Amino acid sequence: MAQAAPTSGGMRRSGRTPDVFSSRMHARARVAIPVVTGLIYGYWAAANRRMGGPITGWNLLFGFLTALVFAVVLFAVLTIAPRLRRELHAVVWTAFIGIAFGFLYSQSGDSILRSVAMALAVAAVTFLVMFYRFYTHEDAAGHRIR
């Protein structure tokens, strides 16, 4: 039975990239990434809605509520989607990205039909990219293979 050759220090390499962050940093990032991304999204939605007009209290409230909803849904997607099979994993990301883009586009004041068409186009591209990524990096049960 062949054994893997030890590397310097007597440790075996598993073929994966080394993790440079501690588990504590990963735990913080799991919360910080949805919060920061949500704040950016909320600001973007509020800016689209105001269309270059003055910043009002209602506009700030809209931005913060949008950021809160986006961050909570993103946190849920990041938590639940990796546990799904690769096809459903891709569909969850497709729905999230498509709906998020459609909502942002609808805030620009364009017609609802155009917003839906643009969201469907973005969702279709997202599905192709995500399905390819998950199909090439996961087995049929959804476990990473690389």
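This report describes the fold, core, aromatic pairs, salt bridges and surface of one protein model.

## Basis of the model

The model is predicted: local features need pLDDT of at least 70, side-chain atom pairs count only at pLDDT 80 or more, and totals for chains, interfaces and linings use all residues. Residues are numbered from 1 along each chain as its sequence is written, and side-chain values use heavy atoms, with hydrogens and water left out.

## Overall architecture

The protein has four helices and zero strands, and its pattern along the sequence is α-α-α-α. Helices (H or I, at least four residues) and strands (E, at least two) are DSSP runs, numbered from the N terminus.

Of the 146 residues in the protein, 24% are buried. Buried means under 20% relative accessible area, exposed means over 50%, and partly exposed lies in between, with a 1.4 Å probe and protein chains only. Among contacts with a separation of 6 or more, 58% join residues that are 24 or more positions apart; a contact means heavy atoms within 4.5 Å.

## The nonpolar core

In soluble globular proteins, nonpolar side chains tend to be buried together. A nonpolar core is a set of buried Ala, Val, Leu, Ile, Met, Phe, Trp, Tyr and Cys residues joined through side-chain atoms within 4.5 Å. The largest such core here has 14 residues, of which Y41, F70, L74, V77, W93 and F96 touch the most other members. Helices α1, α2 and α3 (86–106) each give two or more residues to this core, and the largest share, five residues, comes from α3.

V77 illustrates these surroundings. Leaving aside residues up to four places away in sequence, V77 touches P82, V92, W93 and F96.

## Aromatic pairs

A pair of aromatic rings is described by the distance of the centres and the angle of the planes. Rings of Phe, Tyr and Trp (its six-membered ring) pair if their centres lie within 6.5 Å; planes under 30 degrees apart count as stacked, over 60 as edge-to-face and the rest as tilted. The structure holds seven aromatic pairs. One of them is the tilted pair of F62 and F103, at 6.1 Å centre to centre with 35° between the planes. This pair links distant parts of the chain, since F62 lies in helix α2 and F103 in helix α3, 41 residues apart. F62 is buried, with a relative accessible area of 17%, whereas F103 counts as partly exposed because its relative accessibility is 31%.

The rings of W93 and F96 have their centres 5.9 Å apart and their planes at 85°, so this pair is edge-to-face. W93 and F96 both lie in helix α3, three residues apart, about one turn of the helix. Both W93 and F96 are buried. Together with Y41 and F70, W93 and F96 form one aromatic cluster.

## Salt bridges

Side chains of opposite charge can pair when their charged atoms come close. A salt bridge is a side-chain nitrogen of Lys or Arg within 4 Å of a carboxyl oxygen of Asp or Glu. The structure holds three salt bridges. E87 forms one with R85, the closest N and O atoms being 3.8 Å apart, and one with R86, where the closest N and O atoms are 3.6 Å apart. R85, R86 and E87 are thus linked in a network of salt bridges. R86 is buried, with a relative accessible area of 12%, whereas R85 counts as partly exposed at 46% relative accessibility, and E87 counts as partly exposed at 30%.

R114 forms a salt bridge with D110, and their closest N and O atoms are 3.7 Å apart. R114 is partly exposed, with a relative accessible area of 43%; D110 counts as partly exposed at 37% relative accessibility.

## The surface

The protein exposes about 10,600 Å², with carbon and sulfur atoms supplying 70% of it. Accessible areas come from the Shrake-Rupley method with a 1.4 Å probe; for residues, only the protein chains shown count as cover.

On this surface, V31, V35, L39, I55, L60, F64 and F75 form a nonpolar patch with about 670 Å² of accessible area together. Patches are made of residues with over 30% relative accessible area and no salt bridge: like charges are joined within 9 Å, nonpolar side chains (Val, Leu, Ile, Met, Phe, Trp, Tyr) within 5 Å. Helices α1 (23–50) and α2 (57–80) each supply at least two residues of the nonpolar patch. One patch member, L60, lies in helix α2 and counts as partly exposed because its relative accessibility is 46%.
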